[in-house]
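Student: I am new to this structure. Please take me through one part of it closely, step by step.

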Amino acid sequence: MKKLIDNLVLLFIFTGFWLILNESLALSQILVGLFFSSVALFFTNRYLLENDYQRAYGIKPEVLFRYAIYLFFQIYRSGFFAILKILKSEDTVKIIEYETCIHSDLGICLLANAITLTPGTVTLGKNGRQLKILAFADEKSFTDIAEGKSCSPYELILRSLDR
């Protein structure tokens, strides 16, 4: 019964996203959204996931809130930093190999997305816990991270996803 309720909740969430992306609340759009959402849920549950959605992608709301707030401020902070680097003609880049202290795939994926969303950095690839990052060549930014001395604040927030 719980799995049915969880699937219905996901069905309505996915349909809501469908309606937002199509910018329409017409009955035809609602029906099409319900159809594609149910097909996506069936296909994913049947062929792609080993566990249910809650187990694979469950994030506590307080973790998600802290992560979103931290990411929001980092995007603006890094944006201003990147603008100053470009204005000073210090816009050379380098590729950094970075091993994260997060163990869950979801946490690593969220970290890689946060890096890419932050101006001046792009995640180029992932191999296990190793991330390849293209970033402005600033030795001070990644010194502690590259030496593995501590986890970044992003990682400290996302480590609660490790199970």
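Student: Which residues have the most contacts inside the largest nonpolar core?

Tutor: Keep in mind that this is a predicted model. The residues with the most contacts inside that core are Tyr67, Leu110, Leu111, Leu131, Ile133, Tyr154 and Leu158. The core holds 20 residues.

Next, the elements that build the core. At least two residues each come from α4 (61–87), β1, α5, β3 and α7 (153–158). Helix α5 gives the largest share, with seven residues.

Now pick one core residue, Leu131. Set aside its neighbours within four places in sequence. Leu131 then touches Ile96, Glu97 and Tyr98, and also Ile108, Leu111, Ala112 and Ile115. The list of contacts ends with Thr123, Gly125 and Lys126. Leu111 is thus a contact of Leu131, and both are named among the core residues with the most contacts.

Look at the strands next. β2 and β3 run antiparallel, and six bridges join them. One point of reference is Val122, which stands opposite Leu134 in β3. The two strands form a hairpin with two residues between them. In this hairpin, Gly128 takes a positive phi near 70°.

A general point helps with reading any strand here. In a regular strand, side chains alternate between the two faces of the sheet.

Turn to the charged side chains. The model has three salt bridges.

Start with Lys132 and Glu97. Their closest N and O atoms are 3.8 Å apart. Lys132 lies in strand β3 (residues 130–136) and Glu97 in strand β1 (residues 93–99), so this pair links distant parts of the chain, 35 residues apart. Lys132 is partly exposed, at 36% relative accessibility. Glu97 is partly exposed too, with a relative accessible area of 44%. Glu97 also appears among the contacts of Leu131.

Glu99 and Arg129 make another salt bridge, at 3.8 Å from N to O. Glu99 belongs to strand β1, while Arg129 sits in the loop between β2 (121–127) and β3. They are 30 residues apart, and the pair links distant parts of the chain. Glu99 is partly exposed, with a relative accessible area of 48%. Arg129 is partly exposed as well, at 29%.

Lys126 and Asp105 form a salt bridge at 4.0 Å, N to O. Lys126 lies in strand β2 and Asp105 in helix α5 (residues 105–117), so the pair ties together parts that are 21 residues apart in sequence. Lys126 counts as partly exposed, at 46% relative accessibility. Asp105 counts as exposed, because its relative accessibility is 55% and the cut-off for exposed is over 50%. Lys126 is also one of the contacts of Leu131.

Finish with another element, helix α2. It covers residues 27–48, which is 22 residues. Its span from first C-alpha to last is 30 Å, close to the 32 Å expected. The buried residues of α2 are Gly33, Ser37, Leu41 and Thr44. Seen down the helix axis, these buried residues fall within an arc of 70°, so they line one face of α2. The general rule is this: an α-helix has 3.6 residues a turn, so residues three or four places apart point the same way. On the other side of α2, Leu27, Leu31, Phe42, Arg46 and Tyr47 are exposed.

Key:
Residues numbered from 1 in each chain as written. Predicted model: local features only at pLDDT ≥ 70, side-chain atom pairs only at ≥ 80, totals over all residues. Heavy atoms only, no water. Helix = DSSP H or I, 4+ residues; strand = E, 2+ residues; numbered from the N terminus. Buried < 20%, exposed > 50% of the residue type's maximum accessible area, 1.4 Å probe, protein only. Core = buried A, V, L, I, M, F, W, Y, C linked by side-chain atoms within 4.5 Å. Contact = heavy atoms within 4.5 Å. Pairing = 2+ DSSP bridges. Expected span 1.5 Å × (residues − 1). Arc of directions from axis to C-beta.
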